[in-house]
Amino acid sequence: MTATLIVAMFAELFPNGISHYVIGGLLVGLGVAVIYLGTGIPAGASTFLESTLSYGSSLARFERYRASRDWRVVFTLGIVAGAAVYALTFQSGLLSSGLQPGATTGELREVGGVTIWLTEVQPWRLFLGGILIGIGTRLGKGCTSGHGVCGVGSASGASFVGVTTFLLVAIGVAQLVAATGVSP
């Protein structure tokens, strides 16, 4: 394969460039390493609900998270806060970066004197998608962050099966949705 062919392939696969993916991946990897070194527990977002429910429930299912629930809440709040900061800065156009292209879907709106980016996806679809993802992560004994980043990185056979299943189902559903013409 010639260098020109490789560059053309990457340009087609990553039309907005690859650098922001590399930087994001490095930051995710660093975050996972810090959490693991600090707690001895692989990072994963899917146990947030159960660990949060352990604050108000004495059911055995939730009790197992008592020792680690505080950092899990901080971890998940960090995910939400990071997404909010990103939406309020880069997606809204308040800040710009050569690494991050502007939003290509949704719209900018003025809310409380701040311009924010809002998705075109209907709220009921976001809610239903969140519920289905939550159910899937519990059935799959973990999420893409737990299996995909930590499990595959630890060479876990179950995580390789999980990630392969996640990807195949996601690709299949995306193709089905595209074929039926469903839009946000």
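Q: In this predicted model, where buried means under 20% relative accessible area and exposed means over 50%, is His147 buried or exposed?
A: A residue counts as buried when its relative accessible area is under 20%. His147, which has its place in helix 7, has a relative accessible area of 11%, and therefore His147 is buried.

Q: Which residues are in contact with His147, leaving aside its neighbours within four places in sequence?
A: His147 is placed in helix 7, and its neighbours within four places in sequence are left aside here. The residues in contact with His147 are then Gly140, Lys141, Gly142, Val152, Ser159, Val163 and Phe166.

Q: Which helix do the buried residues of helix 8 pack against?
A: Helix 8 covers residues 157–180, and within helix 8 the residues Ser159, Gly162 and Val163 are buried. Two residues named here, Ser159 and Val163, are also among the contacts of His147, which has its place in helix 7. In keeping with this, the buried residues of helix 8 pack against helix 7.

Q: How many Å does helix 8 reach from its first C-alpha to its last?
A: Helix 8 has 24 residues, and at 1.5 Å a residue the expected reach is 34 Å. Just after helix 8, Gly181 takes a positive phi of about 80°. From its first C-alpha to its last, helix 8 reaches a value close to the expected one, namely 35 Å.

Q: Is Ala155, in the loop between helix 7 and helix 8, buried or exposed?
A: Ala155 has a phi near 60°, which is a positive value in a residue other than glycine. To count as exposed, a residue needs a relative accessible area over 50%. Ala155 has a relative accessible area of 57%, so Ala155 is exposed.

Q: What is the relative accessible area of Ala83, and why does Ala83 count as partly exposed?
A: Ala83 has its place in helix 5, and Ala83 and Val121 are 38 residues apart in sequence and 16 Å apart in space, C-alpha to C-alpha. Partly exposed covers the range between the buried limit of 20% and the exposed limit of 50%. Ala83 is partly exposed because its relative accessible area is 48%.

Q: Which residues make up the largest nonpolar core?
A: In soluble globular proteins, nonpolar side chains tend to be buried together. In this model, helix 2 and helix 5 each supply at least two residues of the largest nonpolar core. Ala43 is in contact with residues including Val32, Ile35, Trp71, Phe75 and Cys150. The six residues of the largest nonpolar core are Val32, Ile35, Ala43, Trp71, Phe75 and Cys150.

Q: Which element gives the largest share of the lining of the largest pocket?
A: The largest pocket has a volume of about 730 Å³, and of the 20 residues that line it, the closest to its centre are Gly24, Leu27, Val28, Ile79 and Gly82. Helix 2 (19–39), helix 5 (69–91) and helix 7 (144–153) are the elements that give two or more residues to this lining. By class, the lining has 14 nonpolar, six polar and no charged residues. The largest share, nine residues, comes from helix 2.

Q: What percentage of the 184 residues in the protein do buried residues make up?
A: The secondary structure of the protein comes to eight helices and two strands, and the C-alpha atoms fill a box of roughly 55 × 50 × 40 Å along the principal axes. Of the 184 residues in the protein, the share made up by buried residues is 20%.

Technical notes: Residues are numbered from 1 along each chain as its sequence is written. This is a predicted model: local features need pLDDT of at least 70, side-chain atom pairs count only at pLDDT 80 or more; totals for chains, interfaces and linings use all residues. Side-chain values use heavy atoms; hydrogens and water are left out. On a 1 Å grid over the protein atoms alone, a cavity is a set of points where a 1.4 Å probe fits but cannot get out, and a pocket is an open set with protein on both sides within 12 Å along at least five of seven lines; lining residues have an atom within 4 Å of a point. Grid points are joined across faces, edges and corners, and a volume is the space filled by probe spheres set on the points. Helices (H or I, at least four residues) and strands (E, at least two) are DSSP runs, numbered from the N terminus. Ala, Val, Leu, Ile, Met, Phe, Trp, Tyr, Cys and Pro count as nonpolar, Asp, Glu, Lys and Arg as charged, and the others, Gly among them, as polar. The expected span of a helix is 1.5 Å times one less than its number of residues. Buried means under 20% relative accessible area, exposed over 50%, partly exposed in between (1.4 Å probe, protein chains only). Contact means heavy atoms within 4.5 Å. A nonpolar core is a set of buried Ala, Val, Leu, Ile, Met, Phe, Trp, Tyr and Cys residues joined through side-chain atoms within 4.5 Å.
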